[in-house]
Amino acid sequence: MIGVVSDPVFMNHDTGGYHPESPLRVQYIHTLFYEDAPGVVRVDPVKASIDDVLLNHDRGYIRSVADSCSSDDLVNLDMDTVCSEDSFDTALLAAGSTVKLTEMALNSEIDAGFSFVRPPGHHACRNAAMGFCLFNNIAIAAHKAIQSYGVRKVLIVDFDVHHGNGTQESFYSSSDVLYFSTHQHPFYPGTGSIADLGKGDGLGYTVNCPLRSGQKDGHFIAVYQSILSPIVEAFEPGLILVSAGFDAHASDPIGGMQVSARGFGAIAGLIQDAAREVSAPVVYVLEGGYNLNALKESIACVVDIVKGEAVPEIEALSGPELDAMFETHSRFWPLMHP
Ligand SMILES: [Zn+2]
């Protein structure tokens, strides 16, 4: 049974008429779940407590977001991050629902979770809203799993086309939470160099896999097969959280990659295989994805794979970027071999 948070309440975060991160995104996704489907249990959204948000953000920042959302007008928190009257409550629901699914997955109430929430989270920093994100939903859930649910090690996998700078920042010095990201590079937000590997105890536990624009399904498959899988085997996480952004889709108006809906399904297949090897539950958390039809189609593929349908066969494509990933990351993860 998979647990899904999908609810029209996430439309309440109003970003104005022309913003790509629009309420329509979750409305489209919700059409996949408003009728009962076999193997799916709908989970009601729940607000995060302020104590849970404090696991990843400072009190002053949380207060400033609440204050910005007290006006009737849209307020810009940064150049492209907007909030409205209901945004603070919606952001608490996004974080809280992700925590709830994580708890359910760890208690074996569900086999896997999908948190189709907005605002997204992976650019949100400790003290700053950024890149359409207010609170870092996935980082809050990772902290909570370690602090309250007895998990020792969490793997965060981020396949959004953008690098999750906020998530990387949260765990840069930690060996308890490994952050793995494939992303277009160079691209917004400018972070995610292969040379950024973590620091102190966290050295080697930030694994950036930058790819130049135009990369196809096969290039992603190669990275997930050859770089992620051996890391999962060696790291043995007790929980895998996935920043599932679908803006690497070929039709996405923001990203510059060539991934197909089937390709996202195949990536999910590799994540599920790796998770099975170490008996870790997986919770997927929505990040980007701005072509509404591509978003819906890609999510349908991923959900089917997680429910147990056959994984699309896509041939891995190597290239110079994969060679660089081997060279850099195998120093920390010797199970990796070209
Ligand atoms: Zn993105």
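These exercises work through the sheet and the overall build of a predicted model.

Local features are taken at pLDDT of at least 70 and side-chain atom pairs at pLDDT 80 or more, while totals for chains, interfaces and linings use all residues. Residues are numbered from 1 along each chain as its sequence is written.

**Exercise 1. Lay out the open sheet and find its edges.**

Step 1. Count the elements: the chain has 10 helices and 10 strands. Helices are DSSP runs of H or I with at least four residues, strands are runs of E with at least two, and both are numbered from the N terminus.

Step 2. Write the order of the eight strands: β2-β1-β5-β10-β9-β6-β7-β8, with parallel pairing. Two strands pair if DSSP finds at least two bridges between them.

Step 3. Read off the ends. β2 (40-42) and β8 (206-211) each have a single partner strand, so one side of each lacks a neighbour in the sheet.

Step 4. Add the twist: neighbouring strands are turned by 15 degrees against each other on average, direction ignored. The axes behind this angle are lines fitted to C-alpha atoms.

**Exercise 2. Place β7 between its neighbours and describe its surroundings.**

Step 1. On one side, β6 (residues 154-158) runs parallel to β7 (177-184) and is joined to it by five bridges. Leucine 155 has leucine 178 in β7 as its bridge partner.

Step 2. Follow the chain from β6 through helix α6 (residues 165-170) to β7; this β-α-β crossover is right-handed. That is, with the strands pointing away from the viewer, the path from the first strand over the helix to the second runs clockwise.

Step 3. On the β8 side, six bridges join β7 to β8, again in parallel. Glutamine 184 is bridged to leucine 211 in β8.

Step 4. Sort the side chains. Val177, Tyr179, Ser181 and His183 point one way from β7, whereas Leu178, Phe180, Thr182 and Gln184 point the other way. In a regular strand, side chains alternate between the two faces of the sheet.

Step 5. Check burial (buried: 20 or more other C-beta atoms, placed from the backbone, within 10 Å of the residue's own; exposed: 12 or fewer; partly exposed: in between). Eight of the eight residues of β7 are buried, so the strand is largely enclosed by the rest of the structure.

**Exercise 3. Judge the overall build of the chain.**

Step 1. Compare radii of gyration, taken over C-alpha atoms. For 338 residues a compact globule would have a value near 20 Å, and the 18 Å of the chain agrees. The globule rule is 2.2 Å times the number of residues to the power 0.38.

Step 2. Add the extent: the C-alpha trace spans about 55 × 45 × 40 Å along its principal axes.

Step 3. Add burial: 56% of the 338 residues count as buried.

Definitions and conventions: Axes fitted to C-alpha atoms, helices over the stretch in contact; angles between N-to-C directions.
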